[in-house]
Amino acid sequence: AMVSTQSTGYWNEETPVIMKYFDENYVDGEWSIWTAVYKYNNELTMTHKTNNLVKGMFQRLETMKKHAFGLMYIFGNPNDQVIAGIWMGRGDKSFFLEDDNWTTDIVHYDLERLDMSKP
């Protein structure tokens with residue numbers, strides 16, 4: 001319930017309200033948080049192509065919405081772009097490995113699990 005509540009009810013709130021809910025409901029091990037950074041940023045040239053890359057990833061991850069959610073960002077300018085994001089999902093292992101549709105794109109990203117016990 002945390003994913004659906006967090007992603008639908010709280011994102012419209014102010015940051016302190018969101019963080020209070022998160023702090024009260026996040027249980028390490030039941031959930032994990034990961035950063036994702038695209039491995040081939042040097043190949044990103046045109047912004048519309050980079051946007052399509054990220055949109056395609058989200059289309060393939062549609063079935064993940066009850067298990068995880070995330071935000072992906074495109075930083076920079078044409079020929080100097082970075083794709084990076086943050087994800088929260090069920091379990092203490094990489095939830096991207098749970099379904100073939102979820103691994104299609106994520107193999108092109110460096111994933112790092114965040115230690116939520118450290119501020």
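## Overall architecture

Of the 119 residues of the protein chain, 34% count as buried. The model discussed here is predicted. Its secondary structure amounts to 4 helices and 4 strands, and these elements follow the pattern α-α-β-α-β-β-α-β when read along the sequence.

The C-alpha trace spans about 40 × 30 × 25 Å along the principal axes of the protein chain. The radius of gyration is 15 Å, which agrees with the value near 14 Å that a compact globule of 119 residues would have. Among contacts between residues at least 6 apart in sequence, 67% join residues at least 24 apart.

## Surface and charge

The protein chain exposes about 7,700 Å², and carbon and sulfur atoms supply 52% of this area. The chain carries 11 positive and 17 negative charges, and the mean positions of these two sets are 4 Å apart.

## Pairing of the strands

Three strand pairings can be described in turn. Strand β2 (residues 68-77) and strand β3 (residues 80-90) pair in the antiparallel sense through 10 bridges. Within this pairing, A68 of β2 stands opposite G89 in β3, and I74 stands opposite I83 in β3.

Strand β3 also pairs with strand β1 (residues 31-38), again in the antiparallel sense, over 7 bridges. Here W31 has R90 as its bridge partner in β3, while T35 has I86 as its bridge partner in β3.

Strand β1 is further joined to strand β4 (residues 109-113) by 5 bridges, and these two strands run antiparallel. T35 stands opposite E112 in β4, so that T35 has a counterpart in β3, namely I86, as well as one in β4, namely E112. Strand β1 is mostly covered, with 6 of its 8 residues buried.

## The hairpin of β2 and β3

The hairpin formed by β2 and β3 has 2 residues between the strands. N79 is found in the loop between these strands and has a positive phi of about 70 degrees although it is not a glycine. Most residues other than glycine have a negative phi. With respect to solvent, N79 counts as exposed because its relative accessibility of 60% lies over the 50% cut-off.

## Helix α3 and the environment of T50

T50 lies in helix α3 (residues 47-60). Its relative accessible area is 1%, under the 20% limit, and T50 is therefore buried. When neighbours within four places in sequence are left aside, T50 is in contact with L44, I74, Q81 and I83.

Two of these contacts link T50 to the strand pairing described above: I74 and I83 are in contact with T50, and I74 stands opposite I83 in β3. T50 of helix α3 thus touches both members of a residue pair that belongs to the pairing of β2 and β3.

## Helix α2 and the position of F22

F22 is found in helix α2 (residues 15-25). This residue is buried, as its relative accessible area of 11% falls under 20%. F22 and W34 are 12 residues apart along the chain, and their C-alpha atoms are separated by 15 Å.

## The loop before helix α4

D99 is located in the loop between β3 and α4 (100-106). Its relative accessible area of 27% lies between the limits of 20% and 50%, and D99 is therefore partly exposed. The C-alpha atoms of D99 and Y21 are 29 Å apart in space, and the two residues are 78 residues apart in sequence.

Terms used:
Residues numbered from 1 in each chain as written. Predicted model: local features only at pLDDT ≥ 70, side-chain atom pairs only at ≥ 80, totals over all residues. Heavy atoms only, no water. Pairing = 2+ DSSP bridges. Rg over C-alpha atoms; globule rule 2.2 N^0.38 Å. Buried < 20%, exposed > 50% of the residue type's maximum accessible area, 1.4 Å probe, protein only. Contact = heavy atoms within 4.5 Å. Areas by Shrake-Rupley, 256 points an atom, 1.4 Å probe, with all protein chains shown as cover. Lys, Arg positive; Asp, Glu negative; His and termini not counted. Charge placed at Lys NZ, Arg CZ, Asp CG, Glu CD.
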